[in-house]
Amino acid sequence: MDWARFAQQMASMARDLLAQTSVDATLERITGSATELVEGCDAAGILVLHGTRVESLAPSEQMVVDSDRLQERLGEGPCFDAARTRQGERVFRIKDFTQGQPFWPSFTPRARELGIGSMMGFLLYTEDEELGALNVYSRKPGAFTEASELVGWLLASHAAVSFSAARTHAQMEHALATRHNIGEAMGILMGSHDLTEEQAFDVLRRYSQERNVKLREVARLICEQGGLS
């Protein structure tokens, strides 16, 4: 492993992650970096748990999605465990899918049928939140070395911060857009019905409650239609 070159690649990746303009682009750069930087990695993806439901983000191949769905169906697997653990190990691995695995006895033989030879899962987390797991796959048994694991862990650490920052930025942009739409809708109501700002907002709120429609959707309809029908 050329660690000097790796350090340069990590620095370049960190700059690229910060330059991405959306959460999806950030995630795709993360999984792309995994296939580039983790020795032996053929495919990568991010698994996020919503209760017991699995979401596959930025998978580099269909094999990643199939593996995530299999883990969801069986309720077991290294990446499934990495995404839901809150203590203990932050890295999970299966070195050789041709051998039995006591921790994941149902998952291992079925995953081998998908063409997976070895895999690792790294928890994506920051200090105050857990985000999911970065998963790397190889078609060959025993493909990942100690260096591969270290590189994966370092990549996951950088990726977690970038993922969190991108998601926060997207939430802020959404909140600002919603606030702008609500303000525009109130202006339309005030102008067309000679209402005060408070009265216009009250119209929005009542319409939202009576029809069980989110306030931002009511605002969007007013902006598109020029009023409430």
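## A tour of two aromatic pairs and a helix crossing

Begin by selecting Trp104, which counts as buried in this predicted model, its relative accessibility being 6%. Add Phe103 to the selection: this residue is exposed, with a relative accessible area of 67%. With both side chains displayed, the ring centres of Phe103 and Trp104 lie 5.8 Å apart and their planes stand at 55°, so the pair is classed as tilted.

Widening the view, a search of the whole structure finds two aromatic pairs. For an edge-to-face pair, select Phe97 and Phe107, whose rings are 6.0 Å apart from centre to centre, with 70° between the planes. Colouring by secondary structure helps here, since Phe97 sits in the loop between strand 3 (91-94) and helix 5 (107-113) while Phe107 belongs to helix 5, and the pair therefore ties together parts that are ten residues apart in sequence. Both Phe97 and Phe107 are buried.

Next, select residues 197-211, which form helix 7, together with residues 215-225, which form helix 8; these two helices pack at an angle of about 115°, and their axes are 9 Å apart. The crossing of helix 7 and helix 8 is right-handed. To see what makes the contact, show the side chains of Phe201, Leu204, Arg205, Tyr207 and Ser208 on helix 7, and those of Leu215, Val218 and Ile222 on helix 8. Sorted by class, the contact of helix 7 with helix 8 comprises six nonpolar residues, one polar residue and one charged residue.

Technical notes: Residues are numbered from 1 along each chain as its sequence is written. This is a predicted model: local features need pLDDT of at least 70, side-chain atom pairs count only at pLDDT 80 or more; totals for chains, interfaces and linings use all residues. Side-chain values use heavy atoms; hydrogens and water are left out. Axes are lines fitted to C-alpha atoms, for helices over the stretch in contact, and angles run from 0 to 180 degrees between N-to-C directions. Helices (H or I, at least four residues) and strands (E, at least two) are DSSP runs, numbered from the N terminus. A crossing is left-handed if the near helix is turned anticlockwise from the far one by less than a right angle, and right-handed if clockwise. Contact means heavy atoms within 4.5 Å. Ala, Val, Leu, Ile, Met, Phe, Trp, Tyr, Cys and Pro count as nonpolar, Asp, Glu, Lys and Arg as charged, and the others, Gly among them, as polar. Rings of Phe, Tyr and Trp (its six-membered ring) pair if their centres lie within 6.5 Å; planes under 30 degrees apart count as stacked, over 60 as edge-to-face and the rest as tilted. Buried means under 20% relative accessible area, exposed over 50%, partly exposed in between (1.4 Å probe, protein chains only).
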